[in-house]
Amino acid sequence: MQVRVRDLMTVNPTSVLMGTSLQEAAEQMILAESSEIYVTDLQMRLVGVVPDYEILKHKLMHQNLDAPINSIMNVQIDALSPEDDAIQLAFLFRDRRNSCMAVAENGRLVGKLSCRDVFRVIMALDSIELTEEQTSEESAASITTAPGSTVSTINPPHLSKNSLRKHFLQQNAPQAK
């Protein structure tokens, strides 16, 4: 089952235009209860991101937030496509390497996907899988057979959705150097 990023993402994440003051950006983040703010140009093309801790660090070091947001924004952004398979991207959130990621379509900011979004869908799929397995086991147990015939109800564990997903995530995880 493919779960697209589009199906899970938060649409219209908190964003400001380049040149916006850090003070205004911080106020928008607080109102939106967001831990990051995306920076765009006039055409809504994604140009950067600033996490809350960078604004806090600037405030503590400089005592004000008059500087423009682009003075501290991170311009190296990994953006996802709305059509990407969210489950296959779970490894990007492992070890809190990313708590959320921008979603861009044709370079324009359209949403954000959080670790929490991916976590929820994986847990929901596991719950559905367990329910399906329990139902199929109960159905198999109620099958009556003619004398001398046998019905195998063994499902190879290596072919379950959960096992396949774990195997895929392990195969696609970044290797430690």
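## A walk around helix α2

Let's start in a loop: select Met44, which you'll find between β3 and β4. This is a predicted model, so take the tour with that in mind. Check the backbone of Met44 while you're there: its phi is near 65 degrees, a positive value in a residue other than glycine. Why stop for that? Most residues other than glycine have a negative phi. As for the side chain, Met44 is partly exposed, with a relative accessible area of 34%.

**Next stop: Glu33.** Now jump to the loop between α2 and β3 and pick Glu33. Glu33 comes just after α2 and takes a positive phi of about 55 degrees. Is Glu33 buried or exposed? With a relative accessible area of 74%, Glu33 is exposed.

**Step back into the helix.** Select residues 22-32 to light up α2. Which residues of α2 are buried? They are Leu22, Ala25, Ala26 and Met29. Look down the axis and you'll see these residues on the same side of α2, because they cover an arc of only 100 degrees around it. The general rule behind such a pattern is simple: an α-helix has 3.6 residues a turn, so residues three or four places apart point the same way.

What do the buried residues of α2 pack against? Show β2 (15-17), β3 (36-40) and β4 (46-51), then add α3, and you have their partners.

For contrast, click on Ile30, which also belongs to α2. Ile30 counts as exposed, at 66% relative accessibility. Want a distance to draw? Try the C-alpha atoms of Ile30 and Asp52: they are 22 residues apart along the chain, and the gap between them is 9.3 Å.

**Last stop: the helix pair.** Keep α2 on screen and add α3, residues 52-62. The two helices pack at an angle of about 135 degrees, and their axes are 11 Å apart. That angle makes α2 oblique to α3. The crossing of α2 past α3 is left-handed.

Now show the side chains where the helices meet. From α2, pick Leu22, Ala25, Ala26 and Met29; from α3, pick Asp52, Ile55 and His58. Colour this contact by residue type and you get 5 nonpolar, 1 polar and 1 charged. You've seen the α2 names before: Leu22, Ala25, Ala26 and Met29 are the buried residues of that helix. Asp52 is familiar too, as the other end of the distance you drew from Ile30.

Methods: Residues are numbered from 1 along each chain as its sequence is written. This is a predicted model: local features need pLDDT of at least 70, side-chain atom pairs count only at pLDDT 80 or more; totals for chains, interfaces and linings use all residues. Side-chain values use heavy atoms; hydrogens and water are left out. Axes are lines fitted to C-alpha atoms, for helices over the stretch in contact, and angles run from 0 to 180 degrees between N-to-C directions. Helices (H or I, at least four residues) and strands (E, at least two) are DSSP runs, numbered from the N terminus. Angles under 35 degrees count as roughly parallel, over 145 as roughly antiparallel, 65 to 115 as roughly perpendicular and the rest as oblique. A crossing is left-handed if the near helix is turned anticlockwise from the far one by less than a right angle, and right-handed if clockwise. Contact means heavy atoms within 4.5 Å. Ala, Val, Leu, Ile, Met, Phe, Trp, Tyr, Cys and Pro count as nonpolar, Asp, Glu, Lys and Arg as charged, and the others, Gly among them, as polar. Buried means under 20% relative accessible area, exposed over 50%, partly exposed in between (1.4 Å probe, protein chains only). The arc is that of the directions from the helix axis to the C-beta atoms.
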